[in-house]
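This briefing walks through a structure shown below, topic by topic. Please keep the sequence and the coordinates at hand while reading.

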Amino acid sequence: MRLGIALLSVLLLAVAPAVPAGAQEAPAGMKGLYLLTDYPAVTVRPGSTSTVNLRIQNYALPPERLALSVSGAPQGWTVTLLGGGQPVAAAMAATNNSTSLQLRLDVPADAAMGSQNLTVTAKGASAEVSLPIAVTLAKELPAKLTVEPQLPSLRGTSKSTFEYQMNIKNDSGRNLVASFAAQAPQNFEASFTEQYGSQEISSIPVEAGQSKGIKLKVRPPSTVASNTYPVAVRVTAEDATAEAKVQLEITGQPQLSLSGRDGLVSSRAEAGTEATIPVIVANRGTAPAEEIELAGNAPSGWKVAFEPKTIDRLAPGQTREVQAQITPPQKAIAGDYMASLRASSRGETASSDFRVSVATSTMWGIVGAGIIAFALLIMVGAVARFGRR
Amino acid sequence: MRREGSPRRGVGVVFFRELFDHLTSVRMLVLELLVVLFGAVVVYFAAEQIRNTTAEDPFLFLRLFAPPGQSLLSFVTVLSILIPLIAIGLGFDAINGEYNRRTLSRILSQPIYRDALLFGKFLAGLATLSICLITLWLMVIGFGLLRLGIPPSTEEMGRMLVFLLVSIAYAGVWLSLAMLFSVLFRSTATAALSALGLWLFLALLWPALAQVVGEAISPSDIRFTMIGIPTPDTVAWQQGLARISPGTLYGEAVVAMLNPEAQSLTNLLAQFQGRVLGAPLPLDQSILSAWPQIVSLIAGMILLFVVGYIAFQRQEVRA
């Protein structure tokens with residue numbers, strides 16, 4: 001019985017395939033050496049580099065050394081055979097196995113239009129195979145890469161961020177890593193992020209035939225004038241490029257500012273008496289501000305009024321002087337108080353804090369002096385009345 | 001008998017004689033030593049405290065007189081206790097002393113009016129106190145210059161000057177009071193005891209009593225007590241009553257002068273009104289805010305003197 005099991009295992013070992021990994025089973029009746037490519041006729045653009053994938057297939061022949069050569073390349077072309085990433089001059093294919101090669105074509109930019117026939121030859125001691133490859137030169141090639149903004153024109157204020165969704169489609173037959181750059185006007189800040197993410201990126205892998213979405217964020221400088229600004233997006237991957245143009249339409253916005261005359265934000269006031277503070281309202285924005293309302297916050301009991309109360313219209317870059325009338329209460333204790341003055345126009349506000357020094361009326365000083373004088377008068381009266389020897 | 005001629009006649013003679021007597025008396029020496037000793041110790045500690053503080057302070061020099069934080073051992077506190085003591089010491093036997101020594105009628109037999117005698121004695125007492133306070137004041141400033149190494153600013157000088165004047169007025173109030181008692185009581189011991197008793201009462205008991213009386217007149221409102229704020233009406237009564245004591249008036253005036261950003265009760269009220277914290281008042285506003293107190297002290301001094309004057313004029317002086 002034990003002998004039987006041993007015999008069986010030996011049999012199984014013998015039946016198990018003794019070919020190296022990766023080898024295919026030779027189709028029945030196939031024998032010989034072949035030089036193969038998927039597309040033996042290709043179209044390339046002058047000035048670009050293209051690669052043609054080749055394969056040496058050995059069916060049921062003993063392996064041998066095959067010297068490789070390429071003939072038929074016109075003057076100026078650089079034709080290189082690559083194997084495993086480096087230039088090679090010979091290849092060996094094991095029995096029932098294949099070796100892949102790449103034919104790299106560097107076509108000069110001034111190459112003449114038309115077709116060229118290249119012949120790749122693999123020559124061994126017993127066998128020789130050759131493969132003609134037709135290379136056609138053409139100026140315009142179907143795009144390998146496209147970039148398409150979903151909404152190419154956005155509108156907003158100088159404070160908003162413009163976000164453009166874009167699709168990068170890889171129409172070439174290979175997986176590509178597409179890198180992108182945006183050319184925006186000066187001081188505009190442009191960055192790319194993933195479609196659903198916040199990480200900034202500069203390139204993205206796109207599989208053959210697939211498309212990927214990216215997002216372009218453009219932040220204009222806050223002082224930019226209202227206008228339409230173009231942004232050019234350029235996507236490159238190996239020898240393919242694609243371009244798209246998007247637009248920022250920036251609408252103007254008023255920006256108010258409020259300050260004291262000559263930058264002075266302090267004032268003096270007497271308790272119970274109105275003090276007038278000249279206040280400058282300016283529009284530093286890019287659109288006119290309309291119906292500017294003026295208001296003020298002061299400690300309780302204080303009165304704050306403006307002359308005039310509202311400004312109808314303030315063009316960009318214009319300033320206007322108004323008078324703030326601040327009245328501390330009658331009983332205000334001497335000292336410094338803060339009053340906040342505010343100008344607002346439809347959501348746009350500017351405010352400034354003013355320091356008001358309240359002084360007590362000197363009238364009480366005079367009253368005090370009067371009391372002392374009265375006391376002295378009493379003394380004089382007493383001296384006159386009660387004076388005696 | 002009506003007086004003939006100017007009541008000022010003889011004032012000068014009495015003034016210089018009394019001044020000489022005061023300045024050479026042992027009593028004055030003892031009082032001076034007391035003040036200098038107390039003042040020196042307190043100012044020394046204040047200076048040490050200032051030297052150890054690195055924070056910037058626009059009124060560094062004023063801190064010598066009133067160090068921030070602790071109020072018990074400041075120069076001002078010592079002065080507010082010692083000024084009444086000196087003033088009472090100088091004035092309690094002004095008239096009855098002469099009377100008891102039987103020199104009063106002798107003086108009055110000279111071509112010196114009663115007016116002149118009282119005026120001269122009062123002015124001499126005030127001058128003595130002024131000399132005493134000015135000397136002390138200059139000593140503190142000199143010590144501050146030596147110890148702190150920085151000169152006082154103009155505003156600080158102004159504040160210290162007003163402080164000096166207020167101190168003299170405060171001394172004048174107690175001098176008038178002491179002289180009033182010396183006119184009223186024939187016994188010097190009674191006069192001294194009454195004056196000292198009144199001083200102790202006003203300085204120690206009255207502030208506490210004013211709180212109670214104020215509370216009784218206008219009880220605290222529960223609405224204010226709930227949020228931890230003193231009732232304004234009660235505070236007004238308590239403050240008004242406490243201000244009967246010259247010590248309170250002096251304290252308030254001094255705080256306004258020497259501690260421009262101090263946390264007095266008025267300042268607390270000002271905060272509720274929205275005043276910016278830590279912003280010192282300018283000098284003129286400080287004087288204005290302390291003006292009622294200053295006026296009260298000066299007017300009180302004059303009126304107390306007038307009462308003493310009238311009492312003296314109506315008195316029988318022949319013994």
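In which sense, and over how many bridges, do strand β14 and β16 of chain A pair? Strand β14 of chain A, which covers residues 176-183, pairs with β16(A) in the antiparallel sense, and the pairing extends over 4 bridges. The model is a predicted one, and for the complex the predictor gives an ipTM of 0.78 together with a pTM of 0.64.

**Strand pairing in chain A**

- Within the pairing of β14(A) with β16(A), Val177(A) is the residue that stands opposite Pro205(A) of β16(A).
- Both strands belong to an open sheet of 5 strands in chain A, whose order is β12-β19-β18-β14-β16 and whose pairing is mixed.
- The edges of this sheet are taken by β12 (153-157) and β16 (203-206) of chain A, each of which has a single partner strand, so one side of each is left without a neighbour in the sheet.
- On average, and with direction ignored, neighbouring strands of this sheet are turned by 30° against each other.
- Elsewhere in chain A, strand β4 (residues 65-71) pairs in the antiparallel sense with strand β7 (residues 90-92) over 3 bridges, and there Ala67(A) stands opposite Ala90(A) of β7(A).
- Strand β4(A) also pairs in the antiparallel sense with strand β9 (residues 114-123) of chain A, over 5 bridges, with Ser69(A) standing opposite Thr121(A) of β9(A).

**Chain B: composition and confidence**

- Chain B has 14 helices and 0 strands, and of its 319 residues 42% count as buried.
- Among the contacts in chain B with a separation of 6 or more, 82% are accounted for by residues 24 or more positions apart.
- The mean pLDDT of chain B is 83, and 89% of its residues reach 70 or more.
- Among the elements of chain B, the lowest mean pLDDT, 60, belongs to helix α13 (residues 265-272), whereas the highest, 92, belongs to helix α8 (residues 154-184).

**A helix of chain B and its buried face**

- In helix α11 (residues 232-242) of chain B, the buried residues are Thr234(B), Gln238(B) and Ala242(B).
- Seen down the axis of α11(B), these buried residues fall within an arc of 60°, so they line one face of the helix.
- What covers the buried residues of α11(B) includes α9 (188-217) and α12 (246-258) of chain B.

**Where the two chains meet**

- In the contact between the chains, 28 residues of chain A are in contact with 32 residues of chain B.
- On the side of chain A that touches chain B, the elements that give two or more residues are β27 and α2 (363-386) of chain A, and α2(A) gives the most, with 12 residues.
- The residues on this side of chain A divide into 17 nonpolar, 8 polar and 3 charged.

**Asp336(A) in strand β27**

- Asp336(A) has its place in strand β27 of chain A, which covers residues 335-345.
- With 17 other C-beta atoms within 10 Å, Asp336(A) is partly exposed, because a residue counts as buried at 20 or more such atoms and as exposed at 12 or fewer.
- Leaving aside residues up to four places away in sequence, Asp336(A) touches Arg355(A) and Ser357(A) as well as Arg275(B), Val276(B) and Ala279(B).
- Asp336(A) and Arg355(A) are 19 residues apart along the chain, and their C-alpha atoms are separated by 6.5 Å.

How values were computed. Residues numbered from 1 in each chain as written. Chains lettered and ligands numbered in written order. Predicted model: local features only at pLDDT ≥ 70, side-chain atom pairs only at ≥ 80, totals over all residues. Pairing = 2+ DSSP bridges. Axes fitted to C-alpha atoms, helices over the stretch in contact; angles between N-to-C directions. Contact = placed C-beta atoms within 7 Å. Arc of directions from axis to C-beta. pLDDT = per-residue confidence, 0-100. Nonpolar A, V, L, I, M, F, W, Y, C, P; charged D, E, K, R; others polar.
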